[in-house]
Amino acid sequence: MKPAPFDYYAPRDLGEALDVLAEAGEHGKVLAGGQSLIPLLNMRLAAPERLVDINRIASLEPFEVTPDGVRIGALARHSQVERSEGIAAVQPLLRQALRLVAHPVIRNRGTVVGSLVHADPAAELPAVLALLRGSVRLARAGGVRDVPAGEFFTGPLESALEPGELAVSAHFPRLPERTGSSFVEVARRHGDYALAGVAAVVTVDDDLRVSEARVVCVGVGPVPLTADVSGWCERRPASTVDWAAVARAVQDRTEPEADIHATAEYRRHLVGVLAVRALTEAARHAL
Ligand SMILES: Cc1cc2nc3c(=O)[nH]c(=O)nc-3n(C[C@H](O)[C@H](O)[C@H](O)COP(=O)(O)OP(=O)(O)OC[C@H]3O[C@@H](n4cnc5c(N)ncnc54)[C@H](O)[C@@H]3O)c2cc1C
């Protein structure tokens with residue numbers, strides 16, 4: 001199939017893009033990497049009247065390490081972020097997650113911010129943003145607002161982005177000292193969206209006791225499901241925590257739904273198995 005007709009805009013600066021989006025309101029759509037939007041247009045599951053291609057706006061390209069984390073511009077491609085040694089040094093979870101996103105060809109074009117706005121419940125990056133308590137910066141003609149991850153993902157393929165807004169960047173906070181991270185998942189084929197996935201961050205104190213542990217699950221709810229499991233670790237030495245018991249507590253909080261790919265019960269089972277792996281690996285990295 002071919003897309004429904006639309007007016008195509010390719011502005012070279014942000015102000016022009018925001019003006020077009022403001023005029024278009026709910027009939028406008030941003031085109032970034034196009035890896036999710038183009039198939040939706042071709043299948044006519046999306047039919048915007050105005051398409052604003054942001055690929056020529058140079059100010060949206062940079063991604064940088066900041067004192068408190070990593071700020072990623074709307075045109076930074078998955079592969080650029082994945083390969084950045086500077087980012088991996090302060091926020092290894094991004095690289096751990098990006099390696100699981102689709103295939104290299106898709107990662108060469110798809111954008112980190114586009115993935116956040118697309119808000120697929122099985123996608124890795126929304127989960128990373130939620131786990132790290134990051135935020136998305138949204139611009140509109142005449143204003144900018146930062147939306148915390150906890151408020152940004154509102155449902156499957158739904159976000160807090162409003163008509164007329166453009167996501168200009170996302171902020172992923174730096175991991176505290178002595179923190180390890182991990183992202184594990186099960187997909188039917190490598191590069192497919194996960195049937196279920198779990199990411200974890202574990203922080204230990206000077207005595208190598210667990211001071212904080214958090215997880216996020218993907219593919220088992222309408223939005224990334226985060227859980228602070230620090231209490232379950234009872235400030236024990238990381239090497240003696242019963243991670244299987246902690247994982248069961250995580251599993252008990254999930255209520256996945258069945259679909260053509262997997263039963264609800266199988267997805268819950270995966271959460272339990274993956275949570276043990278993610279927490280154990282994150283704790284090992286912390287030590
Ligand atoms: C075969 C295949 C397998 C894939 N597997 C995975 C996977 O395993 N995990 C995963 O996470 N993803 C996967 N993806 C999706 C891929 O990661 C996409 O790149 C990503 O979801 C969207 O990024 P994009 O830049 O291509 O966005 P686009 O396709 O251009 O846009 C997606 C949506 O976000 C909106 N949007 C994009 N950028 C902005 C912005 N700056 N401001 C406002 N709105 C914006 C668009 O209007 C559109 O609604 C896969 C894609 C394909 C084709």
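Is F152 buried or exposed? F152 is buried, with a relative accessible area of 0%, and View 1 starts right there. This is a predicted model, where local features need pLDDT of at least 70 and side-chain atom pairs count only at pLDDT 80 or more, while totals for chains, interfaces and linings use all residues. Residues are numbered from 1 along each chain as its sequence is written, and side-chain values use heavy atoms, with hydrogens and water left out.

**View 1. F152 and F153 form an aromatic pair.** Rings of Phe, Tyr and Trp (its six-membered ring) pair if their centres lie within 6.5 Å; planes under 30 degrees apart are called stacked, over 60 edge-to-face, and the rest tilted. That rule gives a count of one aromatic pair. In it, F152 and F153 sit 5.2 Å centre to centre with 85 degrees between the planes, so they are edge-to-face. F153 counts as buried at 9% relative accessibility (buried is under 20% relative accessible area, exposed over 50%, partly exposed in between, using a 1.4 Å probe and protein chains only).

**View 2. Here is helix α12, residues 264-286.** Helices (H or I, at least four residues) and strands (E, at least two) are DSSP runs, numbered from the N terminus. The expected span of a helix is 1.5 Å times one less than its number of residues. For the 23 residues of α12 that makes 33 Å, and the end C-alpha atoms are 32 Å apart, which agrees. Among the buried residues of α12 are R267, L270, L274 and A278. The buried residues pack against strands β11 (179-186), β12 (196-204) and β13 (210-218), plus helix α11 (243-252), with contact meaning heavy atoms within 4.5 Å.

**View 3. C217 and C233 are shown without a disulfide.** A disulfide is a pair of cysteine sulfur atoms within 2.5 Å, and the structure holds zero of them. For C217, the closest cysteine sulfur is in C233, 14 Å away, so it's too far for a bond. C217 is buried at 2% relative accessibility, and C233 is buried too, at 0%.

**View 4. R44 has a positive phi without being a glycine.** Its phi is near 60 degrees. Look for R44 in the loop between α2 (37-42) and β3 (50-53). With 44% relative accessibility, R44 counts as partly exposed.

**View 5. E234 also has a positive phi and is not a glycine.** The value here is about 50 degrees. You'll find E234 in the loop between α10 (230-233) and α11, and it is exposed, with a relative accessible area of 54%.
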